[in-house]
Amino acid sequence: MIGALSITQTAGYGVLYYAFSVFIPPMSRDLHAGVARLTCAITLAVLVSGVVAPLIGRWLDRHGGRGLMTAGSLLGGLAVLAWSQVRTVAQLYLVCGVLGVASAMVLYEAAFAVIVAWFDATRRARALLAVTVVAGFASTIFLPLTGFLVHLYGWRQALVILAAGYALTCVPLHALAVRNRGVPPHAARREIVGTALRERPFWLLAAAFLTQTGAVAVMGVLLVTYLIALGHPPVFSAGVAGLLGVLSVTGRLVTTGLQGRWPVALVTAVMFGLQGLAAVLLPLMGRSPAGAVIAVVLFGLGFGVGTIARPALLADRYGTRAYASLSGALALPITTAKAVAPLLAAGVAQFAGYPAVMGAVAVACALGAVSLVAYDRDTPPLAS
């Protein structure tokens, strides 16, 4: 099952999100639309996935993941196929809205719910790590693959090929490999969710991952532009920013290895703190190549840590019976931050400069770290 989820997550992120940037130049010509209007389409997809996340979470708790993830894969394949036929920006927005729904049904949140429900606490961390490490290379695989397909066949035919490949891979894998466990009574799940939403630890988790996710989204979108503004050549800037993907895998490996010695919340808080330090250092020492690399490496170590820390912390405190519902409740504000933060940061950069943006990123990471420390010092977990 882990192998199947790893493959489907890699394909899902590669086809549904990472390939989007490759299609912007040719779509801009054919649809007669600027880059900003086209980029808003993928922002819409992210927002829609967050809006439907609570509903998806409740479904997963009640029915398991096999049927939902199979249907989501089919919906995603059909949406990518429809994307190949769009003639207007409005049609693209509609397709991306459907992609957002499909994403909520098949990507990390749904996959983590399946993993948390199936594996016990001793194997859960390794299972989460395995899926995220493999899926971490989605951009490495699909960006050049998509570029090659666009070069050979054009963007519309490339999307048809990606849609077919995605559906033929992910639909049968989800249908055959994803296993459902027994579903707990609805009353028990509702009691767990209600208790969590009334207590301080849940909202500390929400604050921690909302602020850090916003910071990560800002750096992911604006880092190359800021490095160029600091005086670095575009090729160097893109290469340094590319370290974030590799370092996200490194950070996940380190975090998982340290969980046996220290609490997950404290290990994650340290990683968030390093990211805040990196945001402070970048304006101070980022004009030199070595300084830029050091700052990016420090930030990159925490780039993917939140992805594996959040499910582990939720399951450790609240158990597995209502995990998907709680995860869906968290996903809505966190996904909104992911979508909106880069837009706000771009506005701040225009009027106050990039150092102000880096200051905001540092504050957000520090707030995330402090929230996790407070979470760790709060009441003991509700789940055994």
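**An all-helical chain and its one salt bridge**

Glu109 has a relative accessibility of 25% and therefore counts as partly exposed. I begin with this residue, colleagues, in what is a predicted model. Glu109 is one half of a salt bridge, and its partner is Arg310. The nitrogen-to-oxygen distance between the two side chains is 3.0 Å. As for the ends of this pair, Glu109 sits in helix H6, which covers residues 108–118, and Arg310 sits in helix H16, which covers residues 305–318. The two residues are 201 apart, and their pairing links distant parts of the chain.

Side chains of opposite charge can pair when their charged atoms come close. Is Arg310 buried or exposed? Arg310 is buried, because its relative accessible area is 13% and the cut-off for burial is under 20%. Glu109, at 25%, is partly exposed. How many salt bridges does the structure hold? The count is one.

Let me now turn to the chain as a whole. The protein chain has 18 helices and zero strands. Its radius of gyration is 20 Å, close to the 21 Å from the globule rule for 384 residues, so the chain is as compact as a globular protein of that length. Along the principal axes, the C-alpha atoms fill a box of roughly 55 × 50 × 30 Å. Of the 384 residues, 54% are buried. The accessible surface comes to about 15,900 Å², and carbon and sulfur atoms account for 70% of that surface. Contacts across the sequence can be put in one figure: among those between residues at least 6 apart, 83% join residues at least 24 apart.

Next, the cysteines. How many disulfides does the structure hold? The count is zero. Why does Cys40 not form one? The closest cysteine sulfur to that of Cys40 belongs to Cys96, and because the separation is 11 Å, the two are too far from each other for a bond. The cut-off that matters here is 2.5 Å between sulfur atoms. Seen from the other side, Cys96 has its closest cysteine sulfur in Cys40, again at 11 Å and too far for a bond. The surroundings of the two may be stated in turn: Cys40 is partly exposed at 39% relative accessibility, whereas Cys96 is buried at 0%.

I move on to the region around helices H2 and H3. Helix H2 spans residues 20–31, and His32 lies in the loop between H2 and H3. His32 has a positive phi of about 55°, although this residue is not a glycine. With a relative accessible area of 69%, His32 is exposed. Within helix H2 we find Pro26, which is buried at 9% relative accessibility. Which residues does Pro26 touch, beyond those up to four places away in sequence? Pro26 touches Val150 and Trp155. The C-alpha atoms of Pro26 and Val15 are separated by 17 Å, with these positions eleven residues apart along the chain as the sequence offset. On the other side of the loop, helix H3 covers residues 35–63 and includes Thr43. Thr43 is buried, at 17% relative accessibility. Leaving aside neighbours within four places in sequence, Thr43 is in contact with Ala339 and Leu343.

Finally, the surface at helix H8. Phe148, Leu152, Tyr153 and Ile161 make a nonpolar surface patch of about 400 Å². Which helix gives the most to this nonpolar patch? Helix H8, residues 138–153, does so with three residues. Leu152 belongs to helix H8 and is partly exposed, with a relative accessible area of 45%. His151 is also found in helix H8, and this residue is exposed at 67%. The C-alpha atoms of His151 and Lys338 are separated by 31 Å, the two residues being 187 apart along the chain.

To close, I return to the starting point: the structure holds one salt bridge, and Glu109 and Arg310 form that pair.

Methods:
Residues numbered from 1 in each chain as written. Predicted model: local features only at pLDDT ≥ 70, side-chain atom pairs only at ≥ 80, totals over all residues. Heavy atoms only, no water. Buried < 20%, exposed > 50% of the residue type's maximum accessible area, 1.4 Å probe, protein only. Helix = DSSP H or I, 4+ residues; strand = E, 2+ residues; numbered from the N terminus. Contact = heavy atoms within 4.5 Å. Patch = residues over 30% accessible without salt bridge, like charges linked within 9 Å, V, L, I, M, F, W, Y side chains within 5 Å. Areas by Shrake-Rupley, 256 points an atom, 1.4 Å probe, with all protein chains shown as cover. Salt bridge = Lys/Arg side-chain N within 4 Å of Asp/Glu carboxyl O. Rg over C-alpha atoms; globule rule 2.2 N^0.38 Å.
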